[in-house]
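Biologist: I would like to learn how to read a binding site. Please show me the structure.

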Amino acid sequence: MADDCLFCRIARQEIPVQLIHESDDCVAFRDIKPQAPVHVLVVPREHIASLNDARDPGLIGRLSLVAAEIAEREGIATTGYRTVMNTNADAGQTVFHVHLHLLGGRSMAWPPG
Ligand code: AMP
Ligand code: ZN
């Protein structure tokens with residue numbers, strides 16, 4: 001837990017963001033600047049700065065399974081979606097509390113920019 005971390009504060013509900021998933025170890029909410037019709041962030045409650053600092057394979061795996069559940073609920077499981085975890089500068093990470101992006105509802109290019 002970090003007092004000044006945006007996603008820690010959202011996970012603790014100190015910032016009133018509507019959560020679309022809550023479980024013991026993670027929460028999910030819609031991205032404030034969506035890059036696709038569905039753009040959700042799945043965030044562990046524990047403060048972990050980036051994937052480089054993650055140690056618990058169960059936790060990291062559960063983020064993906066929560067994203068898959070949300071994709072099903074949002075109606076994009078069949079049409080398709082992308083899950084992305086940006087790590088550090090070259091990937092464009094801006095919030096240093098690990099999070100998994102779930103993007104879908106439109107077709108996406110590959111490779112990513
Ligand atoms: P990243 O660039 O991979 O670190 O992703 C951080 C994401 O957090 C960006 O897509 C932002 O739009 C999103 N974001 C920043 N502040 C908020 C907020 N208060 N609520 C929801 N999403 C946010
Ligand atoms: Zn944090």
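Modeller: We will go through the ligand, its pocket and two backbone features.

Modeller: This is a predicted model: local features need pLDDT of at least 70, side-chain atom pairs count only at pLDDT 80 or more, and totals for chains, interfaces and linings use all residues. Residues are numbered from 1 along each chain as its sequence is written, chains are lettered from A and ligands numbered from 1 in the order written, and side-chain values use heavy atoms, without hydrogens and water.

Biologist: Which residues come nearest to ligand 1?

Modeller: A residue is near a molecule if one of its heavy atoms lies within 4 Å of it. Here 15 residues surround ligand 1, and Asp 31, Asn 86, Thr 94, His 99 and His 101 come nearest. By class, the shell has six nonpolar, six polar and three charged residues. Ala, Val, Leu, Ile, Met, Phe, Trp, Tyr, Cys and Pro count as nonpolar, Asp, Glu, Lys and Arg as charged, and the others, Gly among them, as polar.

Biologist: What lies 2.9 Å from an oxygen atom of ligand 1?

Modeller: Look for polar contacts, pairs of N or O atoms within 3.5 Å. An N or O atom in the side chain of His 99 is at that distance from a ligand 1 oxygen. The backbone contributes too: an N or O atom of Val 95 lies 3.0 Å from an oxygen of ligand 1, and one of Gly 92 lies 3.1 Å from a ligand oxygen. Alone, ligand 1 exposes 510 Å², of which the protein buries 83% (Shrake-Rupley method, 1.4 Å probe).

Biologist: Which space does ligand 1 take?

Modeller: Rolling a probe the size of a water molecule over the atoms shows where empty space is left. A pocket is an open set of points on a 1 Å grid over the protein atoms alone, where a 1.4 Å probe fits, with protein on both sides within 12 Å along at least five of seven lines; lining residues have an atom within 4 Å of a point. A molecule sits in one if more than half of its atoms lie within 2 Å of its grid points. Ligand 1 takes the space of the largest pocket.

Biologist: How many residues line the largest pocket?

Modeller: The lining has 29 residues.

Biologist: Where is the cis peptide bond?

Modeller: Most peptide bonds are trans. A cis bond joins Trp 110 and Pro 111, with omega about 5°.

Key. A polar contact is a pair of N or O atoms within 3.5 Å; within protein, one must be able to donate a hydrogen and the other to accept it, and residues adjacent in sequence count only if both atoms are side-chain atoms.
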